[in-house]
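Here is a short report on one protein model. Keep the structure open as you read, and find each residue as it is named.

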Amino acid sequence: MSDTIKRTAVVTGGNRGLGAASAKALLAAGHNVVAIYIGRVDDAHAFKKETGIDVYKCDVSHFAECREVFGAIEKKYGTIDILVNNAGITRDSFLHKMEHKQWEDVITVNLNSQFNTTRQVINGMRERKWGRIINISSINGQKGQFGQTNYSAAKAGIIGFTKALAQEGANKGVTANVICPGYIMTEMTGAMQPEILEAIRQGIPMGHLGEPNDIGDMVAYLASDKAKFITGATFSINGGQHMA
Ligand code: NDP
C-alpha cells in the first residue's frame, strides 16, 4: 500500500478496459474501490468476484440515478474521496451522415456525465478539504479525429470542465486532472476495423498500442497524496502519437 490513508474511490465504467485497470491500481494502492457499470451485469459480478472490487449499476448519463447510486455508495463507505470519470462511448460517423441520436448519446454519456457524477461528490470533498477528480478524455479531444465530431467535442469539453473545476477546488484540497489516452487495447479499440487500427499503429512512434495499465498506473498516482501539487493538468499517454 503506497498511501498511508485508506480512501474510497469510485471509477465509472470500472469493470472493464481502462476503468478496470484504474480500479485495480487504486485497490493495489490500498483504497476501497467501487466500479460503476451500465449493462453487463454478469461481467460486472464476475469482476467483483475476481477482484473483490464492489460494483454498482448506474447510468452516468442520468443525473437523478447518479444522485441515488452515489448516495448509496456514500452511505456504505462513509465518503467518496476519489472519482475517476472514465465511462465513455463512441458512435462514429462523418458529420454529414451523423444522426442526431449519435450526437446526443455521445455528448450525454461522455460529457454530461461529468456534471452528473462530480456534482454528487464535490461538496463532501470541499468540506473535508481533500479530493481527487480524474477525468478520462482522449487524444481525439486534443487533436480532433475524422468520423468523431461528437466524440472529439465531448472529450475536448472534458478538458475545459476539468480546468475550471481545478481552479474552483485548488484552495480546498480538491485536485482535478485529465488523462488523454492514445490508442489502448480494449474492447473499444478492438471493435475498430483492423485496417484502420493498423494505420493508426503505424502512426504511433513507439510502434504499438498502449496497455490499460499505462492509464491505470497514472490514475493511481494522481489519486495519491504524492500528486498534491498537480491540478488542472492534462496528461497525454499515447506512445508519442500526439505531443500536445
Ligand atoms: P470500454 O468500451 O472497454 O468500456 C466502457 C465502460 O464504460 C464499460 O465499463 C461500460 O459498462 C461503461 N459505460 C458505458 N456507458 C455507460 C453509462 N452510460 N453509464 C455507466 N457506465 C457506462 O472503454 P475503454 O476502456 O476503451 O475506454 C474507457 C474510457 O477511455 C472511455 O471514456 C474512452 O472514451 C476513453 N478512451 C479510450 C481509448 C482506448 O484506446 N481504449 C483511447 C482514448 C480514450 P458496461 O461494461 O456495463 O457496458
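## The second largest pocket

The second largest pocket holds about 190 Å³ of space. This is a predicted model. Which residues line this pocket? They are Q114, F115, T118, R119, I122, R126, F161, A164, L165, E168, G169 and V174.

Two helices matter for the count here. Helix 4 and helix 6 each give at least two residues to the lining. Helix 4 supplies the largest share, with six residues. By class, the lining splits into six nonpolar, three polar and three charged residues.

## Helix 4

Now follow helix 4 itself. It runs over residues 100-128 and has 29 residues. From first C-alpha to last, helix 4 reaches 41 Å. That is close to the 42 Å expected at 1.5 Å a residue.

Where is the kink in helix 4 centred? It is centred on N112, and the bend there is about 45 degrees.

## After the helix: K129

Next comes K129, which follows helix 4. K129 sits in the loop between helix 4 and strand 5 (131-136). Look at its backbone. K129 is not a glycine, yet its phi is positive, at about 60 degrees. Why does that deserve a second look? Because most residues other than glycine have a negative phi.

## The largest pocket

Turn to the largest pocket. About 1,300 Å³ of space lies in it. Its lining has 49 residues. Closest to the centre of the pocket are G88, I89, T90, Y151 and M188.

Which elements give two or more residues to this lining? They are helix 1 (17-28), strand 2 (32-37), helix 5 (139-143), helix 6 (149-169), helix 7 (187-190) and helix 8 (194-202). Helix 6 is thus named for this lining, and helix 6 also gives at least two residues to the second largest pocket. By class, the lining of the largest pocket has 22 nonpolar, 20 polar and seven charged residues.

## Around the ligand

The model also has a ligand, with 30 residues around it. Those that come nearest are N15, R16, N86, Y151 and T186. Y151 appears here, and Y151 is also among the residues closest to the centre of the largest pocket.

Some polar atoms pair up with the ligand. In N15, a polar side-chain atom lies 2.6 Å from a ligand oxygen atom. In I38, a polar backbone atom is 2.9 Å from an oxygen atom of the ligand. In I184, a backbone N or O atom lies 2.8 Å from an oxygen atom of the ligand.

Technical notes: Residues numbered from 1 in each chain as written. Predicted model: local features only at pLDDT ≥ 70, side-chain atom pairs only at ≥ 80, totals over all residues. Heavy atoms only, no water. Helix = DSSP H or I, 4+ residues; strand = E, 2+ residues; numbered from the N terminus. Expected span 1.5 Å × (residues − 1). Bend = angle between axes of the 7 residues up to and from the residue. 1 Å grid on protein atoms, 1.4 Å probe; cavity = no way out; pocket = protein on both sides within 12 Å on 5 of 7 lines; lining within 4 Å. Points joined across faces, edges and corners; volume = space filled by probe spheres on them. Nonpolar A, V, L, I, M, F, W, Y, C, P; charged D, E, K, R; others polar. Near = heavy atom within 4 Å. Polar contact = N/O pair within 3.5 Å; in protein donor to acceptor, adjacent residues only side chain to side chain.
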